[in-house]
Amino acid sequence: MKRVIIVKEGQWGGIKEEDYLPLVNLYREVLERAEVPGPYGDGKKEKAARVEVVATVAEAEKKIKEAPLNQRIDVVVFISRGVEVEAERLAKSYPKTRIVVFTGLIPEGKIIWVDKAHCADPKMIENIVLHS
């Protein structure tokens, strides 16, 4: 089971931090419901993630640093590009932890990386290429 941290901190433009709470709750619920095939090939499923929501980047980093090796934090999710600098720093400092930033506005002048295994929907391809 992956350990996931969602960070509430961050804002961009005129959107306030508290405006992101519905997104934080949605992402938490989706990830908590996610399942993966069980280890025995018997068709049973098990939870894919253990999700924790934290208030700040500093709190997330503390949890990454203090996690025992067998309980490391696998993914840190940010809900705003307002934490871009902190997200980049965490990615460099903790390369085994995946850093995901959800944003409504793709930063200009940056590479947009898209996992083609997760982007087979025609509308999604159109949105990424033509409207990002």
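**Exercise 1. Work out which residues of the largest nonpolar core touch the most other members, and which elements feed that core.**

Step 1. The largest nonpolar core has 14 residues, and Ile5, Val7, Val57, Ile73, Val76 and Phe78 are the ones touching the most other members. Here a nonpolar core is a set of buried Ala, Val, Leu, Ile, Met, Phe, Trp, Tyr and Cys residues joined through side-chain atoms within 4.5 Å. Buried means under 20% relative accessible area, exposed over 50%, and partly exposed in between (1.4 Å probe, protein chains only).

Step 2. Now the elements: β1 (2-7), α2, β5 (75-78) and α3 each give two or more residues to this core. Top contributor is α2, with three residues. Helices (H or I, at least four residues) and strands (E, at least two) are DSSP runs, numbered from the N terminus.

Step 3. Don't stop there: a second, separate core of 10 residues has Ile6, Tyr27, Val51 and Val77 among its members.

A word on the ground rules. This is a predicted model, where local features need pLDDT of at least 70 and side-chain atom pairs count only at pLDDT 80 or more, while totals for chains, interfaces and linings use all residues. Residues are numbered from 1 along each chain as its sequence is written, and side-chain values use heavy atoms, with hydrogens and water left out.

**Exercise 2. List what Phe78 is in contact with, skipping neighbours within four places in sequence.**

Step 1. Take contact as heavy atoms within 4.5 Å.

Step 2. Phe78 then picks up Val7, Val57, Val83, Ala87, Leu90, Ile99, Val100, Val101 and Phe102.

**Exercise 3. Count the salt bridges in the whole structure, then take apart the pairs Lys63 with Glu52 and Arg89 with Glu61.**

Step 1. The search turns up seven salt bridges, each a side-chain nitrogen of Lys or Arg within 4 Å of a carboxyl oxygen of Asp or Glu.

Step 2. Lys63 and Glu52 pair at 2.9 Å, N to O. Since Lys63 sits in helix α2 (residues 57-66) and Glu52 in strand β4 (residues 49-54), the bridge ties together parts 11 residues apart in sequence. Lys63 is partly exposed at 28% relative accessible area, and Glu52 is partly exposed at 27%.

Step 3. Arg89 and Glu61 pair at 3.1 Å, N to O. Arg89 is in helix α3 (residues 84-93) and Glu61 in helix α2, so this one ties parts 28 residues apart in sequence. Arg89 is partly exposed at 36% relative accessibility, whereas Glu61 is buried at 13%.
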